[in-house]
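Here's a quick briefing to read with the model open beside you. Flip between the text and the viewer as you go.

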Amino acid sequence: MWDTMNASREKRKELHEAYVRELEPALARLRLRLSGPGDPQLDGSIESLDAVNEWFLTLIKERHDTETVDLPSWWNPARPTAESGVPGSGPFTSSQLALIDDVQAYLGEVLIAAIPGAHWVIYKGSKRDFRNGLTMLEVGRGLPLPVRDVVYKEAVGVVRSGREVAVDLLSSWVREELAALA
């Protein structure tokens, strides 16, 4: 991922604009992936996150080393992906990163539908805050929500640690965030 904490204001703005611009194409890719009979339905509801997450948690385990796709704007292209075989490369293949991007875009869409006035912002915290410069979802009260990071960390837990993740992790997180706003 990009080091936005130490990035210039211009670079942060560029990355933010690219992130927001790529949300609709990511949603379109996800809708295309999930267009078959029996696939999870992307109806924008919190409840739909459980079926989407179950599908995601199964698919993220597949590396797809032979398939290379465009990297999301939040991934620094100077950092090799897992299929490169380069020591110190990222934990995911480009296909896995694209899958994370698609699911985080849907999670953002669900949150925006559930929280009136929610919108994407460039996070600005204290000078030493590692989240500085990240695109996050402003929800009105408290800290903005780290939508991408929630999905990314979930994937890291599954792929690198082999840990079991509850299917309702995303929907539970959304419900907790909504309760905190009430």
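Val-159 sits in helix H4 of this predicted model. With a relative accessible area of 30%, Val-159 counts as partly exposed, because that value falls between the 20% and 50% cut-offs. From there, the tour moves to Arg-148, also found in helix H4, then to the empty spaces and the salt bridges.

**Val-159 and its surroundings**

- Leaving aside residues up to four places away in sequence, Val-159 touches Ile-60, Pro-91, Phe-92 and Gln-96.
- Val-159 and Glu-62 make a nice sequence-versus-space pair: they're 97 residues apart along the chain, yet their C-alpha atoms are 8.9 Å apart.

**Arg-148, back along H4**

- Helix H4 covers residues 147-159, and Arg-148 is part of it.
- Is Arg-148 buried or exposed? Its relative accessible area is 8%, and buried means under 20%, so Arg-148 is buried.
- For a polar partner, look next door: the side chain of Arg-148 makes a polar contact with the side chain of Asp-149 at 2.7 Å.
- Further off in sequence, Arg-148 touches Met-1, Tyr-19, Trp-74, Gln-104 and Leu-134, with residues up to four places away not counted.
- Arg-148 also turns up in the lining of the largest cavity, in that of the second largest cavity and in that of the largest pocket.

**The two cavities**

- Rolling a probe the size of a water molecule over the atoms shows where empty space is left.
- How many cavities of 30 Å³ or more does the structure hold? There are 2.
- The largest cavity has a volume of about 100 Å³.
- Its lining takes in Met-1, Trp-2, Thr-4, Leu-15, His-16, Tyr-19, Ser-73, Trp-74, Gly-133, Leu-134, Thr-135 and Arg-148.
- Which element gives the largest share of that lining? Helix H1 (residues 9-33) does, with 3 residues.
- By class, the lining of the largest cavity splits into 6 nonpolar, 5 polar and 1 charged.
- The second largest cavity holds about 30 Å³ of space.
- Around the second largest cavity you'll find Leu-134, Thr-135, Met-136, Pro-146, Val-147, Arg-148 and Asp-149.
- Strand E2 (135-138) and H4 each put at least two residues into the lining of the second largest cavity, and the largest share, 3 residues, comes from H4.
- That second lining divides into 4 nonpolar, 1 polar and 2 charged residues.

**The largest pocket**

- For the largest pocket, the volume comes to about 210 Å³.
- Its lining includes Met-1, Trp-2, Asp-3, Thr-4 and Met-5, along with Phe-130, Leu-134, Arg-148, Asp-149, Tyr-152 and Lys-153.
- Sorted by class, the lining of the largest pocket has 6 nonpolar, 1 polar and 4 charged residues.

**Salt bridges**

- The count comes to 9 salt bridges, and three of the pairs are picked out below.
- Glu-17 and Lys-13 join side chains in a salt bridge, 3.8 Å from N to O.
- Both Glu-17 and Lys-13 lie in helix H1, and they're 4 residues apart, about one turn of the helix.
- Glu-17 is partly exposed at 39% relative accessible area, and Lys-13 counts as partly exposed at 47%.
- Asp-102 forms a salt bridge with Arg-29, where the closest N and O atoms are 2.7 Å apart.
- Asp-102 lies in helix H3 (residues 94-114) and Arg-29 in helix H1, so this pair ties together parts that are 73 residues apart in sequence.
- Asp-102 is buried, with a relative accessible area of 0%, whereas Arg-29 counts as partly exposed at 34%.
- Arg-29 and Asp-102 also belong to a network of salt bridges that links them with Arg-33 and Asp-101.
- The side chains of Glu-47 and Arg-175 meet in another salt bridge, at 3.6 Å from N to O.
- That pair links distant parts of the chain, 128 residues apart: Glu-47 is in the loop between H1 and helix H2 (48-59), while Arg-175 is in helix H5 (residues 169-181).
- Glu-47 has 52% relative accessibility, and exposed means over 50%, so Glu-47 counts as exposed.
- Its partner Arg-175, at 38%, counts as partly exposed.

Technical notes:
Residues numbered from 1 in each chain as written. Predicted model: local features only at pLDDT ≥ 70, side-chain atom pairs only at ≥ 80, totals over all residues. Heavy atoms only, no water. Buried < 20%, exposed > 50% of the residue type's maximum accessible area, 1.4 Å probe, protein only. Polar contact = N/O pair within 3.5 Å; in protein donor to acceptor, adjacent residues only side chain to side chain. Contact = heavy atoms within 4.5 Å. 1 Å grid on protein atoms, 1.4 Å probe; cavity = no way out; pocket = protein on both sides within 12 Å on 5 of 7 lines; lining within 4 Å. Points joined across faces, edges and corners; volume = space filled by probe spheres on them. Nonpolar A, V, L, I, M, F, W, Y, C, P; charged D, E, K, R; others polar. Salt bridge = Lys/Arg side-chain N within 4 Å of Asp/Glu carboxyl O.
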